[in-house]
Amino acid sequence: MAILGMLFIYAKVFVVGGAMCAIAQLLIIKTKLTPARILVIFLLAGIALEGFGLYRPINEFAQAGISVPIIGFGASLARGSIEMARQIGFIGAFAGGLVRTAFGVGIAVVASYAVTLIFSPRSK
(Lines give C-alpha, C1' and ligand atoms only; values in the text may rest on other atoms or scores of the structure.)
Protein backbone atom coordinates (compact mmCIF):
# COMPACT_ATOMS: atom_id res chain seq x y z
CA MET A 1 0.00 0.00 0.00
CA ALA A 2 2.90 2.38 0.71
CA ILE A 3 4.13 1.97 -2.86
CA LEU A 4 0.72 2.98 -4.26
CA GLY A 5 0.69 6.06 -2.03
CA MET A 6 4.14 7.02 -3.22
CA LEU A 7 3.16 6.49 -6.86
CA PHE A 8 0.11 8.72 -6.30
CA ILE A 9 2.34 11.47 -4.91
CA TYR A 10 4.69 11.15 -7.89
CA ALA A 11 1.72 11.32 -10.26
CA LYS A 12 0.41 14.51 -8.58
CA VAL A 13 3.83 16.14 -8.75
CA PHE A 14 4.25 15.13 -12.39
CA VAL A 15 0.81 16.35 -13.44
CA VAL A 16 1.07 19.73 -11.69
CA GLY A 17 4.68 20.34 -12.75
CA GLY A 18 3.81 19.23 -16.28
CA ALA A 19 0.84 21.59 -16.33
CA MET A 20 3.14 24.48 -15.36
CA CYS A 21 5.50 23.55 -18.21
CA ALA A 22 2.57 23.19 -20.62
CA ILE A 23 1.29 26.65 -19.70
CA ALA A 24 4.76 28.12 -20.27
CA GLN A 25 5.08 26.31 -23.60
CA LEU A 26 1.66 27.55 -24.71
CA LEU A 27 2.68 31.10 -23.82
CA ILE A 28 5.85 30.69 -25.89
CA ILE A 29 3.99 29.27 -28.89
CA LYS A 30 0.80 31.34 -28.86
CA THR A 31 2.12 34.75 -27.76
CA LYS A 32 5.04 36.98 -28.58
CA LEU A 33 6.24 36.88 -24.98
CA THR A 34 9.93 36.16 -24.54
CA PRO A 35 11.04 33.37 -22.17
CA ALA A 36 12.35 36.02 -19.77
CA ARG A 37 8.95 37.67 -19.57
CA ILE A 38 7.26 34.32 -19.04
CA LEU A 39 9.71 33.64 -16.22
CA VAL A 40 8.72 36.95 -14.61
CA ILE A 41 5.03 36.09 -15.03
CA PHE A 42 5.55 32.80 -13.19
CA LEU A 43 7.60 34.53 -10.48
CA LEU A 44 4.85 37.11 -9.97
CA ALA A 45 2.25 34.32 -9.94
CA GLY A 46 4.11 32.70 -7.03
CA ILE A 47 4.25 36.02 -5.20
CA ALA A 48 0.52 36.59 -5.79
CA LEU A 49 -0.42 33.06 -4.69
CA GLU A 50 1.56 33.48 -1.47
CA GLY A 51 0.20 36.99 -0.90
CA PHE A 52 -3.40 35.80 -1.18
CA GLY A 53 -2.73 32.72 0.95
CA LEU A 54 -3.35 30.25 -1.88
CA TYR A 55 0.18 28.91 -2.30
CA ARG A 56 0.30 26.81 0.87
CA PRO A 57 -2.82 24.68 0.10
CA ILE A 58 -1.63 24.15 -3.47
CA ASN A 59 1.83 23.22 -2.17
CA GLU A 60 0.37 20.71 0.28
CA PHE A 61 -1.36 18.99 -2.63
CA ALA A 62 1.21 19.36 -5.42
CA GLN A 63 4.44 19.42 -3.35
CA ALA A 64 7.49 19.59 -5.65
CA GLY A 65 5.25 20.06 -8.69
CA ILE A 66 4.64 23.65 -7.60
CA SER A 67 7.58 24.36 -5.28
CA VAL A 68 10.43 23.49 -7.64
CA PRO A 69 9.47 25.72 -10.59
CA ILE A 70 10.02 29.47 -10.42
CA ILE A 71 6.59 29.83 -8.83
CA GLY A 72 8.02 28.35 -5.63
CA PHE A 73 10.87 30.87 -5.67
CA GLY A 74 8.39 33.73 -5.98
CA ALA A 75 6.36 32.34 -3.10
CA SER A 76 9.51 32.08 -0.97
CA LEU A 77 10.39 35.70 -1.71
CA ALA A 78 6.90 36.81 -0.71
CA ARG A 79 6.79 34.61 2.41
CA GLY A 80 10.15 35.96 3.60
CA SER A 81 9.06 39.54 3.00
CA ILE A 82 5.79 39.03 4.86
CA GLU A 83 7.46 37.34 7.84
CA MET A 84 10.20 39.97 8.20
CA ALA A 85 7.71 42.82 7.78
CA ARG A 86 5.70 41.38 10.67
CA GLN A 87 8.83 41.00 12.82
CA ILE A 88 10.73 44.23 12.25
CA GLY A 89 8.37 46.46 10.32
CA PHE A 90 8.29 48.06 6.89
CA ILE A 91 12.01 47.69 6.14
CA GLY A 92 11.71 43.94 6.72
CA ALA A 93 9.56 43.67 3.61
CA PHE A 94 12.63 44.53 1.54
CA ALA A 95 15.12 42.30 3.37
CA GLY A 96 12.95 39.28 4.14
CA GLY A 97 12.76 37.82 0.65
CA LEU A 98 16.52 38.06 0.24
CA VAL A 99 17.19 36.47 3.62
CA ARG A 100 14.79 33.59 2.96
CA THR A 101 16.15 32.76 -0.51
CA ALA A 102 19.85 33.57 0.01
CA PHE A 103 20.92 29.96 0.62
CA GLY A 104 19.37 28.67 -2.60
CA VAL A 105 20.73 31.54 -4.66
CA GLY A 106 24.17 31.05 -3.12
CA ILE A 107 24.15 27.34 -3.95
CA ALA A 108 23.11 28.13 -7.54
CA VAL A 109 26.00 30.58 -7.94
CA VAL A 110 28.58 28.14 -6.51
CA ALA A 111 27.23 25.24 -8.58
CA SER A 112 27.30 27.39 -11.73
CA TYR A 113 30.90 28.34 -11.06
CA ALA A 114 31.84 24.69 -10.45
CA VAL A 115 30.27 23.69 -13.77
CA THR A 116 32.29 26.37 -15.57
CA LEU A 117 35.46 24.91 -14.08
CA ILE A 118 34.61 21.41 -15.33
CA PHE A 119 33.32 22.42 -18.77
CA SER A 120 34.41 25.22 -21.09
CA PRO A 121 31.34 27.39 -21.71
CA ARG A 122 31.30 29.57 -24.82
CA SER A 123 29.06 32.47 -25.72
CA LYS A 124 27.22 32.33 -29.02
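Here are some notes on a predicted model, covering one helix pair, the main nonpolar core and a few single residues.

1. **How α5 meets α6.** A good place to start is the pair formed by helix α5 (residues 70–88) and helix α6 (residues 92–118), whose axes lie 6 Å apart and make an angle of about 135 degrees. The two helices are therefore oblique to each other. If you turn the model to view the pair, you will find that α5 passes α6 in a right-handed crossing.

2. **Who makes that contact.** On the α5 side, the residues involved are Phe73, Ser76, Leu77, Arg79, Gly80, Ser81, Glu83, Met84, Ala85 and Ile88. Their partners on α6 are Gly92, Ala93, Gly96, Gly97, Val99, Arg100, Thr101 and Val105. By residue type, the contact of α5 with α6 splits into eight nonpolar, seven polar and three charged residues.

3. **The nonpolar core.** Which residues build the largest nonpolar core? There are 10 of them: Val16, Met20, Ala24, Ile38, Phe42, Tyr55, Ala62, Ile66, Ile71 and Ala75. At least two residues of this core come from each of α1 (2–30), α2 (35–51), α3 (55–62) and α5. Helix α1 gives the largest share, with three residues.

4. **Ala75, a core member worth a click.** Ala75 belongs to that largest nonpolar core. Leaving aside residues up to four places away in sequence, Ala75 touches Gly46, Ile47, Glu50 and Tyr55. Of these neighbours, Tyr55 is also listed in the core.

5. **Arg79, a buried arginine.** Is Arg79, in helix α5, buried or exposed? Its relative accessibility is 12%, so Arg79 counts as buried, the cut-off being under 20%. Again leaving out residues up to four places away in sequence, Arg79 touches Glu50, Tyr55, Arg56 and Arg100. Arg79 and Arg100 both appear among the residues of the contact between α5 and α6.

6. **Pro121, after the last-mentioned helix.** Pro121 sits in the segment that follows α6. With 60% relative accessibility, Pro121 counts as exposed, because the cut-off is over 50%. Pro121 and Arg79 are 42 residues apart along the chain, and their C-alpha atoms are separated by 35 Å.

7. **Gln63, a backbone detail to look at.** Although Gln63 is not a glycine, it has a positive phi of about 50 degrees. You will find Gln63 in the loop between α3 and α4 (64–67). Gln63 is partly exposed, with a relative accessible area of 33%.

Technical notes:
Residues are numbered from 1 along each chain as its sequence is written. This is a predicted model: local features need pLDDT of at least 70, side-chain atom pairs count only at pLDDT 80 or more; totals for chains, interfaces and linings use all residues. Side-chain values use heavy atoms; hydrogens and water are left out. Axes are lines fitted to C-alpha atoms, for helices over the stretch in contact, and angles run from 0 to 180 degrees between N-to-C directions. Helices (H or I, at least four residues) and strands (E, at least two) are DSSP runs, numbered from the N terminus. Angles under 35 degrees count as roughly parallel, over 145 as roughly antiparallel, 65 to 115 as roughly perpendicular and the rest as oblique. A crossing is left-handed if the near helix is turned anticlockwise from the far one by less than a right angle, and right-handed if clockwise. Contact means heavy atoms within 4.5 Å. Ala, Val, Leu, Ile, Met, Phe, Trp, Tyr, Cys and Pro count as nonpolar, Asp, Glu, Lys and Arg as charged, and the others, Gly among them, as polar. A nonpolar core is a set of buried Ala, Val, Leu, Ile, Met, Phe, Trp, Tyr and Cys residues joined through side-chain atoms within 4.5 Å. Buried means under 20% relative accessible area, exposed over 50%, partly exposed in between (1.4 Å probe, protein chains only).
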